[in-house]
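Q: Could you take a close look at the nonpolar core of this protein, and describe how that part is put together?

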Amino acid sequence: MRVVVTNNYQEMSREAARIVARQILAKEDSVLGLPTGDTPTGMYEELVQLDNRRLIDFSKVITFNLDEYYGLPLDHPGSYHRYMREKLFDHVNIQEGSIHIPDGVAKDIEEECRRYEEEIYRYGGIDLQILGIGPNGHIGFNEPGSDWEMTTRLVKLSEETRRRESRYFRDPTEVPTQGITMGIKTIMKARKILLLASGKEKAKATTKALKGPVTKKVPASILQLHPMVTVVLDKEAGSLF
Ligand code: PGA
């Protein structure tokens, strides 16, 4: 595992964008696994700039998002569909058909999860999976206690996660109680993983995940068993290392 501790959020974002850019330059039809949240917004800004300066090209890139809320209209301001359009897809030359995000309002959710998982392998699997980490150690919506063997599925969100996510909603009661997420197994099958964390509130979770025992109580700790992980932290998230 390669761990890079940067001086601040902007440096973390630049370093992350450089890693993604290198992946795209090395393989123009890379399959990327993408996260949402506050952590990757700076990385997306950097990637948009690199694209707009024609240093990278998204036209052949394929993307699969990690997760989405269950039951939230896709154009809801809190949805991950909306987030991805606003932060990345509306600003780069990616093809519409190359974008994949779980459909949280699909009629048959079980079928949607199965289809999503299959679609990933139809494209040859994920080349680079980018991840954030929750203060409780979750990756995607795989909350503490999640089974390592799970693939894409409908899950219940922890109260802690719902409270944190309420910053994206007008009213905390609007935060969905469930989400669709790639499973730990889906994530672990990616060829390479890039984990990002910034800020003091991530210091404990990051240290437990990367230096503590591999345990279901800290879902991100499974990454210690993945052969190709790069971790990019800012100084605060790396302060307990
Ligand atoms: P954040 O969320 O980037 O908004 O901190 C990360 C996560 O909960 O996985």
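A: What follows describes the core, then turns to a surface patch and a loop residue. The model is a predicted one, and every value given here is computed from it. The largest nonpolar core has 31 residues, and within it V20, M43, L47, F58, L88 and L194 touch the most other members. At least two residues of this core come from each of the helices α1 (9–26), α2 (41–52) and α3 (80–87), and likewise from each of the strands β2 (31–34), β6 (128–131) and β9 (192–197). The greatest contribution is that of α1, which gives seven residues. For L194, leaving aside residues up to four places away in sequence, the contacts are A16, I19 and V20, then L128, Q129, I130 and L131, and finally T230 and V232. Another core, of 28 residues, lies apart from the one just described, and V31, Y116, L233 and A237 are among its members.

Nonpolar side chains also occur on the surface, where M1, V3, V5 and F241 form a patch with about 320 Å² of accessible area together. Of these, V5 belongs to strand β1 (residues 2–5), and V5 is partly exposed, its relative accessible area being 44%.

The loop between α2 and β3 (62–65) contains R54, a residue that is not a glycine and yet has a positive phi of about 60 degrees. Most residues other than glycine have a negative phi. R54 counts as exposed because its relative accessibility is 77%, and the cut-off for that term is over 50%.

Notes. Residues are numbered from 1 along each chain as its sequence is written. This is a predicted model: local features need pLDDT of at least 70, side-chain atom pairs count only at pLDDT 80 or more; totals for chains, interfaces and linings use all residues. Side-chain values use heavy atoms; hydrogens and water are left out. Patches are made of residues with over 30% relative accessible area and no salt bridge: like charges are joined within 9 Å, nonpolar side chains (Val, Leu, Ile, Met, Phe, Trp, Tyr) within 5 Å. Accessible areas come from the Shrake-Rupley method with a 1.4 Å probe; for residues, only the protein chains shown count as cover. A salt bridge is a side-chain nitrogen of Lys or Arg within 4 Å of a carboxyl oxygen of Asp or Glu. Helices (H or I, at least four residues) and strands (E, at least two) are DSSP runs, numbered from the N terminus. Buried means under 20% relative accessible area, exposed over 50%, partly exposed in between (1.4 Å probe, protein chains only). A nonpolar core is a set of buried Ala, Val, Leu, Ile, Met, Phe, Trp, Tyr and Cys residues joined through side-chain atoms within 4.5 Å. Contact means heavy atoms within 4.5 Å.
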